[in-house]
Amino acid sequence: MGIIRLPSLIANAKQFSRLQSVCSRSLSDVPKGYMAVYVGEIQKTRFVVPISFLEQPQFQDLLHKSEDEFGFDHPMGGLTIHCEEEAFIDLTSRLHVS
């Protein structure tokens with residue numbers, strides 16, 4: 001029986017290896033001068049934004065509100081901002097224009 005299972009174990013190991021590769025690639029695909037943030041109240045969506053946003057008072061306000069309400073617990077491994085995606089997109093759109 002162990003021999004019959006060996007091919008499926010090898011196939012599963014290869015799938016896991018490919019999945020690990022995809023995950024590590026997605027973590028390292030943030031260009032220099034940018035950062036990944038996870039936005040959402042329940043379902044988190046990953047956004048890549050310029051680091052220069054950290055200097056903008058509106059972005060700082062959003063970070064402070066999220067910190068006050070939810071603290072610094074970031075289970076996604078990156079900066080997590082608890083707000084509606086539409087509000088985040090609206091804010092970042094305005095910051096890109098200015």
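Partly exposed, in this tour, means a relative accessible area between the buried range, under 20%, and the exposed range, over 50%. Keep that in mind as you click around. One more thing before we go: the model on your screen is predicted.

**Stop 1: the whole chain**

Show the protein chain as a cartoon and colour it by secondary structure. You should find three helices and three strands. Follow the chain along its sequence and the pattern reads α-β-β-α-β-α. Of the 98 residues here, 21% are buried. Switch on the surface too: the accessible area is about 7400 Å², with 59% of that belonging to carbon and sulfur atoms. And how do distant parts of the sequence meet? Among contacts with a separation of 6 or more, 49% link residues 24 or more positions apart.

**Stop 2: the loop before helix α2**

Now select I51. You've landed in the loop between β2 (45-50) and α2. Is I51 buried, partly exposed or exposed? Its relative accessibility is 40%, so I51 counts as partly exposed. Select G33 as well and check the distance between the two C-alpha atoms: 5.6 Å, although the residues are 18 apart along the chain. Beyond its neighbours up to four places away in sequence, I51 touches G33, Y34 and M35.

**Stop 3: helix α2, residue by residue**

Move on to helix α2, which covers residues 57-70. Three residues are worth a click here.

- Begin with Q58, which sits in this helix. Q58 is partly exposed because its relative accessibility is 39%. Which residues does Q58 touch, apart from those up to four places away in sequence? They are L91 and L95. Select L91 next: its C-alpha atom is 7.7 Å from that of Q58, with their positions 33 residues apart along the chain.
- Next comes S66, also in helix α2. With a relative accessible area of 5%, S66 is buried. Show its surroundings and, leaving aside neighbours within four places in sequence, you'll see contacts with G71, T80, I81 and H82.
- Finish with E69, again in helix α2. Its relative accessible area is 60%, so E69 is exposed.

**Stop 4: a charged patch**

Keep E69 selected and add E41, D68, E84 and E86. What do these residues form on the surface? Together with E69, they gather in a patch of negative charge. Turn the surface on again and colour these residues to pick out the patch.

Key:
Residues numbered from 1 in each chain as written. Predicted model: local features only at pLDDT ≥ 70, side-chain atom pairs only at ≥ 80, totals over all residues. Heavy atoms only, no water. Patch = residues over 30% accessible without salt bridge, like charges linked within 9 Å, V, L, I, M, F, W, Y side chains within 5 Å. Areas by Shrake-Rupley, 256 points an atom, 1.4 Å probe, with all protein chains shown as cover. Salt bridge = Lys/Arg side-chain N within 4 Å of Asp/Glu carboxyl O. Lys, Arg positive; Asp, Glu negative; His and termini not counted. Charge placed at Lys NZ, Arg CZ, Asp CG, Glu CD. Helix = DSSP H or I, 4+ residues; strand = E, 2+ residues; numbered from the N terminus. Buried < 20%, exposed > 50% of the residue type's maximum accessible area, 1.4 Å probe, protein only. Contact = heavy atoms within 4.5 Å.
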